[in-house]
Amino acid sequence: MALLTVLNPSVVCFLCLILCSCGFCNGGITGNFVRKKYSPDMPLDSDVFRVPPGYNAPQQVHITQGDIDGRGVIISWITPDEPGSSTVLYWSENSNHKNHAEGIFVRYKFFNYTSGYIHHCTIDKLEYDTKYIYEIGIGNSTRQFWFVTPPRAGPDVPYTFGLIGDLGQTHDSNVTLTHYESNPKKGKTVLYLGDLSYSNDYPLHDNSRWDTWGRFVERNAAYQPWIWTAGNHEIDFAPELEETTPFKPYTHRYYVPYKSSHSTSPLWYSIKRASAYIIVLSSYSAYAKSTPQYKWLRDELPKVDRSETPWLIVLMHCPLYSSNSHHYMEGETMRVVYESWFVKYKVDVVFSGHIHAYERSKRVSNIAYNILNGQCTPVNDQSAPVYITIGDGGNHDGPALGMVEPQPSFSAYRESSFGHGIFDIKNRTHAYFGWHRNQDGYAIEADSFWFHNRYWNPHGKYFVASY
Ligand SMILES: [Fe+2]
């Protein structure tokens, strides 16, 4: 530095360029866009929160995958006044034959709040790649929706996933959801990265904000499955209110098919969908050696058959790699426990939320480190996943602006803007990822990346000319 200070500025710039080209400054790109500081909640009388007409009409309708391989769907909804019916009437678009399935309903109390009647009904043995119409409710308050089942799992089945995290219920949340819905890539299933309603930020964890959020996302979540991941805003642990059962509102409202992947908790589970094997983990449940989540993941990873589902995707709320000082190192303990497995089993990508920004890593690992050798710098590793954080769906908490400088070498692209992602699987060798920024009201693809499958195309040997 002493040398640099005695040189004129142009020489300093030239030297910096030389050093960077030699790899001394090998961090990636930091986007210039920064979203506004504070995003206010949509008012309670907003049209997106409107209660559907009719006495006791079903509301907050949402669906998710209902089994391991995509032939089942869990349909969930709430009736506010009385139980009504838990029956789902459903039929294939090409058939007049109507089927019935019987569900259940549950309720819960949270301090001074009592939930409506939360219905969950699993329909199964559906045909693949078929549009179904379903009807819920009774009398004059019935409502109809539809969904499309995925194709049968197979190595070259194309499929398009959307990625949304930390959505909340602000005006920007609404913009993010609209951008996702209007994206010409047409996501067919949302991989949701945790932090849903942010109701715990309201006085007494106002659970009516879980209801408004459920009504807000219904316009999409009733028609395509949302694959749920629990975030810290789902914990709802409030001993000051004598509420000490973690995840109580979330687990009553959002059922997932955890038993079909032999999990013992709805907070971690897996599904197959088209050519993807998706593993959902819980950043806020025990994950160290000998815990239930650890044992489940240890037994789950060897089961993945890449000749059936080439794309191995992991979802968790808290990222393992982040160059943002906000929530800094919160994922570090899980990284220490699970990263070597992700490398061993060649996970293609780990998607997270939590940090209110976007970031994509290079393929790196940091598994050589132990407390004796001091090798604590991530290294390039072509068996490692790409880590992508999409934690800025529109929440009211403000952006994560504290990016660590200089941008570390593992970070390929980062930016503090609202947005959503699209993971577009083409075949067993290629998938295209795009991140779409909300900034200025336009859905721009601000960052993109061609994925070469870690199992079938780790060296990028195969090209896809037609894309
Ligand atoms: Fe979070």
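These legends accompany several close-up views of a predicted model.

**View 1. The stretch that carries a domain annotation.** According to UniProt, in an unreviewed entry, residues 58–149 make up the "domain: Purple acid phosphatase N-terminal". In the model, this stretch is 54% strand and 0% helix. Its end C-alpha atoms lie 22 Å apart.

**View 2. An open sheet of four strands, β2-β3-β9-β6.** Here the strands follow one another in the order β2-β3-β9-β6, with antiparallel pairing. Strands β2 (59–65) and β6 (104–106) form the edges; each has a single partner strand, so one side of each lacks a neighbour in the sheet. On average, neighbouring strands are turned by 20° against each other, direction ignored. Look next at β6 and β9 (residues 117–123), an antiparallel pair held over three bridges. Within this pair, I104 has H120 of β9 as its bridge partner. Helix α4 (residues 208–221) packs on the sheet and touches β2 and β3 (73–79). The direction of α4 makes about 60° with that of β2.

**View 3. A second open sheet, β5-β4-β10-β11.** This sheet, too, is built from four strands with antiparallel pairing, in the order β5-β4-β10-β11. At its edges are β5 (99–102) and β11 (143–148), each of which pairs on one side only. Neighbouring strands are turned by 30° against each other on average, direction ignored. Strand β10 (residues 131–136) runs antiparallel to β11, and six bridges join the two. One position to find here is K131, which stands opposite V148 in β11.

**View 4. The surroundings of V88.** This residue belongs to strand β4 (residues 87–92). V88 has a relative accessible area of 0%, so V88 counts as buried. Which residues is V88 in contact with, leaving aside its neighbours within four places in sequence? They are I75, W77, N99, H100, A101, C121, I123, Y134, E135 and I136. For a longer view along the chain, R253 is 165 residues away from V88, and their C-alpha atoms are separated by 17 Å.

**View 5. Helices α3 and α4 side by side.** The axes of α3 (residues 171–182) and α4 are 11 Å apart and make an angle of about 5°. That makes the two helices roughly parallel. On the α3 side, the contact is made by S173, N174, L177, T178, Y180 and E181. From α4 come F216, V217, R219 and N220.

**View 6. The buried face of helix α6.** Within α6 (residues 292–300), the buried residues are Q293, Y294, W296, L297 and E300. Seen down the helix axis, they fall within an arc of 165°, so they line one face of α6. An α-helix has 3.6 residues a turn, so residues three or four places apart point the same way. The buried residues of α6 pack against β15 (269–273), β16 (276–280) and α7 (332–344).

**View 7. Strand β22, covered on both faces.** Five of the five residues of β22 (residues 386–390) are buried. In a regular strand, side chains alternate between the two faces of the sheet. V386, I388 and I390 are buried on one side of β22, and Y387 and T389 on the other. Strand β18 (residues 349–352) pairs with β22 in the parallel sense over four bridges, and V350 stands opposite Y387. Strand β19 (residues 358–361) pairs with β22 in the antiparallel sense over three bridges, with Y358 opposite I390.

Notes: Residues are numbered from 1 along each chain as its sequence is written. This is a predicted model: local features need pLDDT of at least 70, side-chain atom pairs count only at pLDDT 80 or more; totals for chains, interfaces and linings use all residues. Side-chain values use heavy atoms; hydrogens and water are left out. UniProt positions are given in the numbering used here, feature names are shortened, and annotations may be inferred rather than shown by experiment. Buried means under 20% relative accessible area, exposed over 50%, partly exposed in between (1.4 Å probe, protein chains only). The arc is that of the directions from the helix axis to the C-beta atoms. Contact means heavy atoms within 4.5 Å. Two strands pair if DSSP finds at least two bridges between them. Axes are lines fitted to C-alpha atoms, for helices over the stretch in contact, and angles run from 0 to 180 degrees between N-to-C directions. Angles under 35 degrees count as roughly parallel, over 145 as roughly antiparallel, 65 to 115 as roughly perpendicular and the rest as oblique.
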